[in-house]
Amino acid sequence: KDDLLNGKGGLTRRTIEFHDRGYGNCGPTSGHIIPGYEIPVKYGFKHIYEDIKAKYDGLSAEEQNGKRGGQLRAMMEAALLPKELAANYAALCEKLAAKESDTAQGAARKAELLRMGANMRKVPWEPAEDFWEAVQSLWFTHMLVMSDENYPGPGISFGRVDQYLYPYYQRSVEKGEDREFLKDILKCMWIHCNTAYDAMIKVGMNQGITAGYGQLLMIGGLGKGGADMTNDLSCLLLEVIDEMSPILEPKPNVRLHRNTPEQFLDKVCDMIASSQGAPFLLNFDERSIAGLLREAKFAGIENLINQDTVFDYSAVGCLENTMVGNDRSSTVDVNLNFLKALELTLGNGKDIAGYTDQLWGKPYKNIQMGPQTGDPRNFKSFDEFYIAFTEQIRFIIQKVTGLYNEGDGIRAEFLPTPYLSCLVKGCAEKGKDVTQGGAEIRFITVEGVTFATTIDSLLAIKY
């Protein structure tokens, strides 16, 4: 791996030069995924383990000894981790409970610790039955995802928490549990989401709030058949967000649509009006759904994204719409600079500005990088210039996607994530890690930047 990355002509050196010369940026970024968090909450990791084992047992002896069998064995081993982790925390809670005094305060704390221990003896290995267990199961599952995704993996989303946690919320309310207590459970989770920042500070990565990990969650929105899915837990979550502001994580998002309830919308407006910066708004739910359906049609995956499934989308990273539990789309990994294509057009495939190695401070040689599309001083019309410009764009697209593919291949070979693969549909079925194309949906987003400056420059040349 070190030779591939850092050897002579290695990927790291070539990618840095690509960035330094202003072509854009690329590289396989961890995170930016919505694991199937509902599955361990609803069924437990025991169910996940048994499902993977059944698939492994169904393989031939040759397959079991090959890559597919090796992947499934790794996933089975990873599926045991949440049980082992929870058992250690449960033992700690029970140890602390034994040290509590016999005072009223000590007895209350002892009861709380014993309840916590009991929860962790159960979840996330077994299905959750009430709200406290469900949130505990969700947190353990997420914490290990963050670890597996090159801790802490950025842009990971909890998905539509007000939908899959709602049945457990209802059960706890029906048992008579206090609404404020249920909010406190969520607030504890909010605090835990920010321990990632503590970890970053301890290892010296003091990058401030711009280094946010983007642990997202989604509230509200449409459901199957266009029904509004706002519920009591949606409103409770808004209260938690409001009362915990300005805490950095998790980053809350709200899906709004034509029929969003007025009371819910009023609360969102009040929060935004207070300039607290949260929640983020996706105030075009219908358009997001239409866009995903259109993309599915063009990509030929209408069996995966259709009227029965599309409503379950959520956001990752900087609000990129993504399907839940089966989608490893690289939403920020390939970004090309359109203005660089304009520069190459003016330079007949060469830089017209000087560029410096940002690591060592040495100037790069001005060599022929892009295709020779002609001396622009000899072009007879803007159309000729524009044809040359589009050829330079094609060159940059090929270059940036080529570098990305190299990096993605290295990640697939040396940095598999078997635990995360347990939570992504398609991986167990194919016997492939999520880094190796196991997910059912595997889009790559090629994003263009510097639109405004490029268009202004093209118009100036045209005039």
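In the predicted model, Asp308 has a relative accessibility of 47% and therefore counts as partly exposed. Its salt-bridge partner is Lys224, with the closest N and O atoms 3.6 Å apart. Lys224 lies in the loop between strand E2 (216-220) and helix H14 (232-244), whereas Asp308 lies in the loop between helix H16 (285-299) and strand E5 (314-316), so the pair ties together parts that are 84 residues apart in sequence. Lys224 itself, at 53% relative accessibility, counts as exposed.

Helix H16 also takes part in a salt bridge through Glu286, whose side chain meets that of Arg258 at 3.5 Å, N to O. This pair again links distant parts of the chain, since Arg258 belongs to the loop between strand E3 (251-255) and helix H15 (262-273), 28 residues from Glu286. Arg258 has a relative accessible area of 70% and is exposed. Salt bridges with shared partners also join Arg179, Glu180, Lys183, Lys187, Glu239 and Glu243 into one network. Within this network, the side chains of Glu180 and Lys183 meet at 3.5 Å, N to O; because these two residues are three apart in helix H12 (residues 179-193), about one helical turn separates them. The two partners differ in their surroundings, as Glu180, at 40% relative accessibility, counts as partly exposed, while Lys183, at 2%, counts as buried. The count of salt bridges comes to 28.

Turning to the nonpolar interior, the largest nonpolar core comprises 62 residues, and those with the most contacts inside it are Phe131, Leu138, Phe158, Leu165, Leu186 and Trp190. Helix H9 gives the most to this core, with nine residues. When residues up to four places away in sequence are not counted, Phe131 touches Leu165, Tyr168, Tyr169, Ser172, Leu182, Ile185, Leu186 and Leu233. A second, separate core of 22 residues includes Tyr23, Cys26, Leu336 and Leu458.

Helix H9 is mostly covered, with 15 of its 18 residues buried. At 1.5 Å a residue, the 18 residues of this helix (residues 131-148) should span 26 Å, and the end C-alpha atoms are indeed 26 Å apart, so the expected and computed values agree. At the start of H9, a side-chain oxygen of Asp130 reaches to within 3.4 Å of the backbone nitrogen of Trp132.

Definitions and conventions
Residues numbered from 1 in each chain as written. Predicted model: local features only at pLDDT ≥ 70, side-chain atom pairs only at ≥ 80, totals over all residues. Heavy atoms only, no water. Helix = DSSP H or I, 4+ residues; strand = E, 2+ residues; numbered from the N terminus. Expected span 1.5 Å × (residues − 1). Buried < 20%, exposed > 50% of the residue type's maximum accessible area, 1.4 Å probe, protein only. Polar contact = N/O pair within 3.5 Å; in protein donor to acceptor, adjacent residues only side chain to side chain. Core = buried A, V, L, I, M, F, W, Y, C linked by side-chain atoms within 4.5 Å. Contact = heavy atoms within 4.5 Å. Salt bridge = Lys/Arg side-chain N within 4 Å of Asp/Glu carboxyl O.
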